[in-house]
Amino acid sequence: MTNISYAGDKLLDSWLNLTSTLWNTRLVSSLTYNEAHVMGLLLRHSTDENPMTATDLIHRTRLLKSQMNKILTSLESRGYITRTRAEMDKRMIFIRLTKEGMEAYAQEHSRVNAILDQLVSKIGPERALSIAKELGEITEILDGIVPNEK
C-alpha cells in the first residue's frame, strides 16, 4: 500500500467513524437528523436578501430531491418553515424558517451545544477551530472531485 493509499484509507476511516457516531447517536429528539441539518442550514445561511431554495439545500446536503421534498413538507406541516414564490422568477421558491422553527431548532440545538462544549473543552478552542477549518477545506476539495449526481 502506498503512502497516498494508506493516508486516504486512514482519512476515510476517521471520517466514517465521526459521521457514524454523529448519525447513530440521537442528538436531537423531535427532529430527524436531516430535518435538523436543513433547519441549521436555513438558520445560518438564509437572509431576507438571499434566502435559500430547495435546490440550494439539495446541493448543500447532497440529499435526493424526493428526500428534500419529504423533509420540507414535514417541516412546513409543523409550521417550522415557509415557502414563498419569488417575485421576479416564479419558478424559484424561497424557504425560510419561521419563528416557531427557530425556537424548535434552538431548543434541539441546545442539547448539541452541550455536547460540543464538552468536546471543545477537551480539545481546546484553537484546535477545534483548526480542525473545523481543515474539514471545511477537505469538503471543498471533495466537492470539486466527487460529482453531485443528485
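This passage walks through the nonpolar core, the salt bridges and a surface patch of a predicted model. Residues are numbered from 1 along each chain as its sequence is written, and side-chain values use heavy atoms, with hydrogens and water left out. Because the model is predicted, local features need pLDDT of at least 70 and side-chain atom pairs count only at pLDDT 80 or more, while totals for chains, interfaces and linings use all residues.

We can start inside. The largest nonpolar core (buried Ala, Val, Leu, Ile, Met, Phe, Trp, Tyr and Cys residues joined through side-chain atoms within 4.5 Å; buried means under 20% relative accessible area, exposed over 50%, and partly exposed in between, with a 1.4 Å probe and protein chains only) has 20 residues, of which Val38, Met39, Leu42, Leu57 and Leu75 touch the most other members. Two or more residues come from each of helix 2 (33-45), helix 3, helix 4, strand 3 (93-97) and helix 5; helices (H or I, at least four residues) and strands (E, at least two) are DSSP runs, numbered from the N terminus. Helix 2 is the biggest contributor to this core, giving five residues. Leaving aside residues up to four places away in sequence, Leu42 is in contact (heavy atoms within 4.5 Å) with Met52, Leu57, Ile81, Ile95 and Leu97.

Charged pairs come next. Six salt bridges (a side-chain nitrogen of Lys or Arg within 4 Å of a carboxyl oxygen of Asp or Glu) turn up across the whole structure. In one of them, Asp143 pairs with Arg62, with 3.0 Å between the closest N and O atoms. This pair ties together distant parts of the chain, 81 residues apart: Asp143 sits in helix 6, and Arg62 in the loop between helix 3 (54-61) and helix 4 (65-77). Asp143 is partly exposed at 40% relative accessibility, as is Arg62 at 24%. Arg83 and Glu76 also meet, at 3.2 Å from N to O. A third pair joins Glu103 to Lys99 at 3.9 Å; these residues are about one helical turn apart, because they lie four residues from each other in helix 5 (residues 99-123). Lys99 is exposed at 61%, whereas Glu103 is partly exposed at 45%.

Finally, the surface carries a nonpolar patch of Ile141, Leu142, Ile145 and Val146, with about 360 Å² of accessible area together. Patches consist of residues with over 30% relative accessible area and no salt bridge, like charges being joined within 9 Å and nonpolar side chains (Val, Leu, Ile, Met, Phe, Trp, Tyr) within 5 Å; areas come from the Shrake-Rupley method with a 1.4 Å probe, and for residues only the protein chains shown count as cover. Ile145 belongs to helix 6 (residues 125-145) and is exposed, at 60% relative accessible area.
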